[in-house]
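Q: I have this model open on my screen and would like a close look at one part of it. Could you take me through a single helix and what surrounds it?

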Amino acid sequence: MSSSTQKHDVFQAIADPTRRKLLKLLVDEEMPVTVISGHFPMSRTAVSKHLRILSDAGLVKERKVGRETRYRLDTEPLQELKRWLSFYERYWENKMAALKRYVETDEGQGGTVPLEWLENKKISEEE
């Protein structure tokens with residue numbers, strides 16, 4: 001995320017379910033594309049394209065071993081993403097706590113959400 005040479009951003013890379021599965025597959029071990037592609041119902045070329053996007057985002061590292069290219073997960077961009085998201089987590093927790101308090105009060109038994117809660121929700125979504 002911080003590198004100016006990245007062609008794809010981490011959010012873009014992990015948005016695709018296939019790429020998320022690829023990352024999960026590479027958690028424990030380095031693998032060549034031939035082994036990786038055996039885990040997916042698509043061509044080796046399609047798997048390679050997904051790996052290229054992950055690599056461009058810095059999520060996967062490549063290493064040549066003879067004629068074979070092996071891939072492994074690089075967690076640093078995910079750690080950076082986690083740090084970024086943790087900053088906003090407090091807002092989600094505050095809103096959920098406010099909703100919980102409202103629902104558990106007598107006011108919340110009427111089935112409607114107070115206008116002030118909706119206004120606060122709109123403000124936090126725009127941030």
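A: Happily; what follows is a walk along helix α4, then out to the core and the sheet beside it. Please keep in mind that this is a predicted model.

Let's begin with the helix itself. α4 covers residues 44-56. With 13 residues at 1.5 Å each, α4 should span 18 Å, and its end C-alpha atoms are indeed 18 Å apart, so the two values agree. After the helix comes Gly58, which has a positive phi near 85°.

Now look at what α4 hides. Its buried residues are Val47, His50, Leu51, Ile53, Leu54, Ser55 and Asp56. These buried residues pack against α1, α2, α3, β2 and β3.

That brings us to the largest nonpolar core, which has 21 residues. α4 gives four residues to this core, the largest share. Two or more residues also come from each of α1, α2, α3 and β3. The members that touch the most others are Leu26, Ile36, Leu51 and Leu59. Leu51 is a good residue to click on: beyond its neighbours within four places in sequence, Leu51 contacts Leu22, Leu26, Val33, Ile36 and Tyr71.

Tyr71 leads us on to the sheet, because Tyr71 of β3 is the bridge partner of Glu62. The sheet is open, with three strands in the order β1-β3-β2 and antiparallel pairing. β1 (31-32) and β2 (60-65) are the edge strands; each has a single partner, so one side of each has no neighbour in the sheet. Between β2 and β3 there are six bridges, in the antiparallel sense.

Finally, some charged pairs around these strands. The model holds six salt bridges, including the three described here. Arg63 and Glu30 meet at 2.5 Å, N to O. Arg63 sits in strand β2 and Glu30 in the loop between α2 and β1, so this pair links parts of the chain 33 residues apart. Arg63 is partly exposed at 41% relative accessibility, and Glu30 is partly exposed at 24%. Lys61 pairs with Asp74, their closest N and O atoms lying 3.5 Å apart. Lys61 belongs to β2 and Asp74 to the loop between β3 and α5, so the pair ties together parts 13 residues apart in sequence. Here Lys61 is partly exposed, at 33%, whereas Asp74 is buried, at 19%. Arg70 and Glu68 form another salt bridge, at 2.9 Å, N to O; Arg70 is partly exposed at 27%, and so is Glu68 at 29%.

Note on methods: Residues numbered from 1 in each chain as written. Predicted model: local features only at pLDDT ≥ 70, side-chain atom pairs only at ≥ 80, totals over all residues. Heavy atoms only, no water. Core = buried A, V, L, I, M, F, W, Y, C linked by side-chain atoms within 4.5 Å. Buried < 20%, exposed > 50% of the residue type's maximum accessible area, 1.4 Å probe, protein only. Contact = heavy atoms within 4.5 Å. Pairing = 2+ DSSP bridges. Expected span 1.5 Å × (residues − 1). Salt bridge = Lys/Arg side-chain N within 4 Å of Asp/Glu carboxyl O.
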